[in-house]
Amino acid sequence: MIAIGGTIGTGIFLSSGGSVASAGPLGALISYTIVGTMVFFIVTSLGEMSAYLPLPGAFTTFGARFVDPALGFGLGVGYAFQWIITVTIEVTAAGMILQYWWTHLPMWIPALIFIVILVGITLLGVKAFGELEYWFSMIKVLTCVVFIIIGILVDTGAVGDNFIGGRNWHIEGAPIVGETAKDKTVNIFTTCVWAFFSFGGTELIGITAGESSNPAKAVPKAIRQTFWRILLFYILSIMVIGLVIPWTDPTLLNSVFAEVNEAATIAPFTTVFKMANLPGADHAINAVLLTAVLSAGQSSFYASTRTLMAMGREGKMPAIFGRVNSRGVPLYALAFVTMIASIAFVADLVGTGVVFKWLVNLTGMSALLTWMSISVIHLRFRAAFKAQGRSLSDLPYVAPLFPYSCYISIALALMIVFMQGYQSVTTVPFEAEGVVAVFVGAPVFFLTIIIWKIWHKTKLIPLMEVDLDSGRHRALRALQHDHVSHLVMQT
């Protein structure tokens, strides 16, 4: 359930409408299919490496081990910082969501309470994280399933006021928005930027593999479920929105740019439920949004603390970050994450928001560079595997369509970067700040790599020296245990 619904966030509930408004019903469907393909290939790449070497740092550790220690450091710093800032974003959003019901409630009060709750959950260990995430995922999955079913019923006229069918695909400007073929192509790939953010967090499969009892079985299963999550919840949800709501409906774009405490009334999910004459749709979606941001906040604490823990053990961060308590919780890493997230929250609360805005801008490009790096790391992993004379039969899971899957993922990621830049440059009126906001994360990412590389004089690791064994023993023990259990059951 966690693999299916764990990374379904506010993006699918809110920004999906903006995708339809910007590219049209078919254009949005193509955009989500493109990004979904990229995400699936990235997850399969990470899954192959994580099932074979289930390490807490996942791709940050793989980058240091298979490519260059400097890459591992750059990825770790960027990824940890990305999730620390996400903690602040999500608790702020949670506070604002509650303002939908209690308009005079100061946002900082529930936000502070949510920080305390999330820290408490994290202190309980990975079992508590998994249990709560299971129920959060259940709520989000059921919401998507109900939405798809209701949307189909509304479209066919089984519920609601009239039959819609494919009418919204034939109105002026549909099914792909744009006057010329060039405009339509640009709109599709520009919309990929929004689709990309809707899929954020999918790479957590690799992080959680480090604490799975049997990663060789758990990771491949999670990857298969990820495929169905992409197909069922993202692609079908976009298709339903495009069928039922015309791309010209102003609420589609408004739901993207509205404050989160105002978005519930105009979110595409709410609109479809209202078309089915379901009472209280706005309250139900607001509750689901609260679930989504709390789930994302919990994942943020988990990902950032585990990344810092791995870096502490590898000597890329203070060693104290690598220490854990009896429940396996990295207490010092958790204290650091909580402190930085709280400082960012206070800065946003009492300041003008400028500093926090640029902190968020720093994380945007970091996420895309992380995904691109996973494909690069996978190429190096396979090259080292081949150079050292190892057999693919040793891999618990083999990524399909390798190496083309990696090439496709890298090309699509570069396309999204290009389109982000194109969108910022062609915005009228032109704003230099907007261009800088898009790309500011890239130089920071590469600067961290360069600084570590110069300071520690690191080099590209020769393929024959790539370490493919350290940390493998836990996966082998789990496989042996399963084999023994299978033999016992047969006798």
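**Salt bridges, cysteines and helix α15**

Q: What is the relative accessible area of Glu314, and how is this residue classed?
A: In this predicted model, the value for Glu314 lies between the 20% limit for buried residues and the 50% limit for exposed ones. Its salt-bridge partner Lys316, with 3.4 Å from N to O, counts as buried at 11% relative accessibility. Glu314 itself has a relative accessible area of 31%, and its class is partly exposed.

Q: How many residues apart in sequence are the parts that Glu48 and Arg382 tie together?
A: The closest N and O atoms of Glu48 and Arg382 are 2.7 Å apart, and the two residues form a salt bridge. Both Glu48 and Arg382 are buried. Because Glu48 belongs to helix α3 (residues 15-52) and Arg382 to helix α16 (residues 354-387), the pair joins parts whose separation in sequence is 334 residues.

Q: Which residue forms a salt bridge with Arg390?
A: Arg390, in the loop between α16 and α17, is partly exposed, with a relative accessible area of 25%. Its partner lies in the loop between α19 and α20, so the pair ties together parts that are 79 residues apart in sequence. This partner is likewise partly exposed, at 42% relative accessibility. With the closest N and O atoms 2.9 Å apart, the residue bridged to Arg390 is Asp469.

Q: How many disulfides does a search of the whole structure find?
A: A disulfide would need two cysteine sulfur atoms within 2.5 Å. The sulfur of Cys144, a residue buried at 0% relative accessibility, has its closest cysteine sulfur in Cys192, 20 Å away and too far for a bond. Cys406, also buried at 0%, has the sulfur of Cys192 as its nearest, at 19 Å. The search of the whole structure gives a count of 0.

Q: Within what arc do the buried residues of α15 fall, seen down its axis?
A: Helix α15 (residues 331-350) has 20 residues and reaches 28 Å from its first C-alpha to its last. Its buried residues are Ala333, Leu334, Val337, Thr338, Ala341, Ala344 and Phe345, whereas the face turned away from them carries the exposed residues Ile343 and Val350. The buried residues line one face of the helix, because they fall within an arc of 135 degrees.

Q: What accessible area do the residues of the nonpolar surface patch have together?
A: The elements that give two or more residues to this patch are α6 (108-123) and α15. One of its residues is Val346, which lies in α15 and is partly exposed at 43%. Together, Trp108, Leu112, Val116, Val346, Leu349 and Val350 have an accessible area of about 570 Å².

Note on methods. Residues are numbered from 1 along each chain as its sequence is written. This is a predicted model: local features need pLDDT of at least 70, side-chain atom pairs count only at pLDDT 80 or more; totals for chains, interfaces and linings use all residues. Side-chain values use heavy atoms; hydrogens and water are left out. Helices (H or I, at least four residues) and strands (E, at least two) are DSSP runs, numbered from the N terminus. The expected span of a helix is 1.5 Å times one less than its number of residues. Buried means under 20% relative accessible area, exposed over 50%, partly exposed in between (1.4 Å probe, protein chains only). The arc is that of the directions from the helix axis to the C-beta atoms. Patches are made of residues with over 30% relative accessible area and no salt bridge: like charges are joined within 9 Å, nonpolar side chains (Val, Leu, Ile, Met, Phe, Trp, Tyr) within 5 Å. Accessible areas come from the Shrake-Rupley method with a 1.4 Å probe; for residues, only the protein chains shown count as cover. A salt bridge is a side-chain nitrogen of Lys or Arg within 4 Å of a carboxyl oxygen of Asp or Glu.
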